[in-house]
There are 4 protein chains.
Amino acid sequence: MATLADYSPEVRAEVKQVREQVATLHEQLIKWNLVVWTAGNVSQRLRSADLMVIKPSGVRYDFLTPQSMVVTDLEGNVVDGLEAPSSDTASHAYIYRHMPNVYGVVHTHSTYATAWAATGKEIPCGLTMMGDEFGGPVPVGPFELIGSEQIGKGVVETLERYPHSPAVLMRNHGPFTIGKDAEDAVKAAAMTEEVAHTMWAASQLGKIIELDPDDIDKLNDRYQNVYGQH
Amino acid sequence: MATLADYSPEVRAEVKQVREQVATLHEQLIKWNLVVWTAGNVSQRLRSADLMVIKPSGVRYDFLTPQSMVVTDLEGNVVDGLEAPSSDTASHAYIYRHMPNVYGVVHTHSTYATAWAATGKEIPCGLTMMGDEFGGPVPVGPFELIGSEQIGKGVVETLERYPHSPAVLMRNHGPFTIGKDAEDAVKAAAMTEEVAHTMWAASQLGKIIELDPDDIDKLNDRYQNVYGQH
Amino acid sequence: MATLADYSPEVRAEVKQVREQVATLHEQLIKWNLVVWTAGNVSQRLRSADLMVIKPSGVRYDFLTPQSMVVTDLEGNVVDGLEAPSSDTASHAYIYRHMPNVYGVVHTHSTYATAWAATGKEIPCGLTMMGDEFGGPVPVGPFELIGSEQIGKGVVETLERYPHSPAVLMRNHGPFTIGKDAEDAVKAAAMTEEVAHTMWAASQLGKIIELDPDDIDKLNDRYQNVYGQH
Amino acid sequence: MATLADYSPEVRAEVKQVREQVATLHEQLIKWNLVVWTAGNVSQRLRSADLMVIKPSGVRYDFLTPQSMVVTDLEGNVVDGLEAPSSDTASHAYIYRHMPNVYGVVHTHSTYATAWAATGKEIPCGLTMMGDEFGGPVPVGPFELIGSEQIGKGVVETLERYPHSPAVLMRNHGPFTIGKDAEDAVKAAAMTEEVAHTMWAASQLGKIIELDPDDIDKLNDRYQNVYGQH
């Protein structure tokens, strides 16, 4: 089995940096109320090698440090780390192997996103923010047991049908989000919970006005290509 | 194109002060749970020149500093700043050009206000706090795509019909609020979310008792003319 | 008009102490999410003179200091203070004049308590915590305009019919709570919002099981006479 | 009556350590929004003697210190402490006497768990997280008055019928949770509120998809035997 010592100094430097980033991003999960206790995880794929950095399994957020983050290869085998990796490691690895532009994956059980998941209903697109971020409804993926790569397979297959969405609500489970790095996937997790909460509240008031598909496309195109600092 | 160096020392001093105020007020959006990640913006018009200060586009709240705030003219052209201005800049500028007493504008996607917006329903006036602050229901404005001044036009036209309200719920989008300065508009954003949440919860319990229009007028008159420190 | 200099050193010492207590207790309103911006107020009656200390009108919580707290007599006339007192001052004073065991009054617009108030429905007693703290349902008081002592009169008349409750939901307005001092009234305000939220959520699940009146009496008697440190 | 001085240095050392742990864990109840004011309590049984450490009655969380924690025997008699113990002491003691593997007990009135309790409905199992943590629905226990060991008896009898659940929703009252130590029981309290909130929200969207009992068993078995650091 490979160890970190087998990798170049460049890779080891990126591992150090990504461990700090991934550890710090878990604080954002707490800040935006996306997780309770240990129930959520962030990973980031490296640029310099086929490796990823992921949260250890079942460790309280107060005790997460860069050094406690686990390094695995893209089959989920541990390359460096004192702790066992997240029980979702095989699914994160599956996503990275099958979606070459994805370098960040986040999983939470955030309250309202998970509520939609428990009913198997996708979140209808009734907000300009959803047009921007998701390019349509937030889709539901299949029910899968935890511990194998089946969840990752369900995420990938669902996103093939919803190519503009960075999020899948795994049925009876919770949201998985992707991004161009871990921070981008954390942002998608925060936005998923926000639109899940807002559309949930709207659904209690009466009939939601869904956006016209043409308007959704215009919003999504502008947001993905114009918004932000370029 | 004008630059800040073309303006008088008095204007440059006000720019410095307003940049600090606008940057600081974004913390209040977080404090009162009105925004997630980068989704919201505050601007303030200057007293000493036809300029405004607005949040940069797509920058995380943790990284907002006074210097990162962008200065534009009232057509939305950048006069000073290292970052691109908010994608809502043209709409803020439209509001300042057409409402000469308005010196602060805020836009959020706060959860419950946006839920009402997703159904196209105005918030009925069932609270003395609404009589005080809004002088009646909180109105809904038209659906508009993001990026042009159309949103600002929708805000202005809606407020012409609801002259006591400092807030408009833009349909399928979220609230815009105005004030005599940016702090006043931030307060209106916080109150909009609070009454949206309260009236949403009331609507789930059964029939809301709406206030008598005469009582609303009395509340609004007292609040706008007597309340606070004079 | 009397000024603080007309009072004995003992009274002036109590004023100083109570100003600190009342200023500090406003932080608890924020901590327990009972108020937004300036929308809430705490007062405490003095033991050593017929005076009370109350929040100034329309001042942001960040800027409340002991010295900004206003001292009035029990008719609401200002005896000491640089700011105008809360617009609810006449109602606080009315309560103190008519309820001689009450030395603390709190008013908030906390979200779920105010939602019940907007429908005119009392909160049914379905929790042991309600038996403990309220001795039954949380009652609704009449609708009254703001600014006179009419609200205080409505609070007193409602509590005559609900002698075990420290809280009244003023219709279309929000909760007023009383206590043996300001801290006790703040606690009642926090418990009012908590039971309002819980019973609101329960009402959405289906039929609430209301407590038997005999059990409510047993809970209330034990809690008021045995609980806590004696 | 025994006092702490009658116990060995080993026991007194464990008392000191457990007092610190129990005091610190009350902060977690606040952090995860499980309690308001003084309404909740944590206890832990000692390993070195038939003693437990529990919160004092009716003391505000800001003022809880290790030294204020009360030491009692497993009949609830005070062995050391300056304050009266929690009014739920007899029930905590009952649980420890009848469940020899339990070394931590927590009681809260957390909002959504208590809402389910007010309707007498168990929380249906529609989440993988519930399969993991609870092995099925979260059960409801009987209505009992406060102050005797009857609540503890209701908890124990309910858990005999739901052997995988660490939580019971006492009807019209609130959740009690158990664990292998106090931290484990606090975690169960946090997870109980989270699944109560999520399943409550799901119930408002329409039909919940409940998990297949075989899948629940697989989830629970993996989680209890594989998850975390071993």
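# A walk around the four chains

Start by selecting D:W200. Leaving aside residues up to four places away in sequence, D:W200 touches A:Y112, A:W200, C:W200, C:A201, C:Q204, C:L205, D:Y112 and D:W116. Keep in mind as you look around that this is a predicted model.

Now add the matching tryptophans. A:W200, B:W200, C:W200 and D:W200 are the residues with the most contacts inside the largest nonpolar core, which has 320 residues.

**Stop two: the pairs that stay apart**

Color by chain and show A and C alone. Chain A and chain C do not touch, and 11 Å separates their nearest C-alpha atoms. Switch to B and D: these two chains do not touch either, and their nearest C-alpha atoms are 11 Å apart.

**Stop three: B next to A**

Hide everything but chains A and B. If you superpose chain B on chain A, the rotation is 90°, with 0.0 Å of shift along its axis and an RMSD of 0.0 Å. The two copies are therefore related as by a four-fold rotation axis. To find your way to that axis, select B:Q204: of the residues of chain B, B:Q204 comes closest to it, with its C-alpha at 5.3 Å.

Do the two copies use the same surface or different surfaces here? They use different surfaces: 6% of the contact residues of chain B recur in chain A.

Next, highlight the contact itself. Chain B brings 36 residues to it and chain A brings 34 residues. The size of an interface is often given as the accessible area lost when the parts come together. For chain B with chain A, about 3,100 Å² is buried between them, 61% of it on carbon and sulfur atoms.

How many salt bridges are there between chain B and chain A? The count is 2. Zoom in on A:K31 and B:D62, which form a salt bridge with their closest N and O atoms 3.0 Å apart. Across this interface there are also 11 residue pairs in polar contact. On the side of chain B that touches chain A, α3 (111–119) and α6 (182–205) of chain B each supply at least two residues. The largest share of that side, 7 residues, comes from α3(B).

**Stop four: B next to C**

Keep chain B, hide A and bring in chain C. A 90° rotation, with 0.0 Å of shift along its axis, superposes chain B on chain C, and the RMSD is 0.0 Å. B:Q204 turns up again: in chain B, its C-alpha is the one nearest the axis, 5.3 Å from it. Here too the copies use different surfaces, with 6% of the contact residues of chain B recurring in chain C.

Select the contact residues and you'll have 34 residues of chain B against 36 residues of chain C. Chain B and chain C bury about 3,100 Å² between them, with 62% of it on carbon and sulfur atoms.

There are 2 salt bridges across the interface of chain B and chain C. For one of them, show the side chains of C:R60 and B:E183, which meet at 3.2 Å, N to O. Polar contacts across this interface come to 11 residue pairs.

Which elements give two or more residues to the side of chain B that touches chain C? They are α1 (9–31), α4 (128–134), α6 and α7 (213–225) of chain B. Finish by coloring α6(B): the largest share of that side, 14 residues, comes from this helix.

Key. Residues are numbered from 1 along each chain as its sequence is written. Chains are lettered from A and ligands numbered from 1 in the order in which they are written. This is a predicted model: local features need pLDDT of at least 70, side-chain atom pairs count only at pLDDT 80 or more; totals for chains, interfaces and linings use all residues. Side-chain values use heavy atoms; hydrogens and water are left out. Contact means heavy atoms within 4.5 Å. A nonpolar core is a set of buried Ala, Val, Leu, Ile, Met, Phe, Trp, Tyr and Cys residues joined through side-chain atoms within 4.5 Å. Buried means under 20% relative accessible area, exposed over 50%, partly exposed in between (1.4 Å probe, protein chains only). Copies are superposed by least squares on the C-alpha atoms of residues with pLDDT of at least 70 in both. Buried area is the accessible area (1.4 Å probe) that two parts lose on being put together, summed over both. A salt bridge is a side-chain nitrogen of Lys or Arg within 4 Å of a carboxyl oxygen of Asp or Glu. A polar contact is a pair of N or O atoms within 3.5 Å; within protein, one must be able to donate a hydrogen and the other to accept it, and residues adjacent in sequence count only if both atoms are side-chain atoms. Helices (H or I, at least four residues) and strands (E, at least two) are DSSP runs, numbered from the N terminus.
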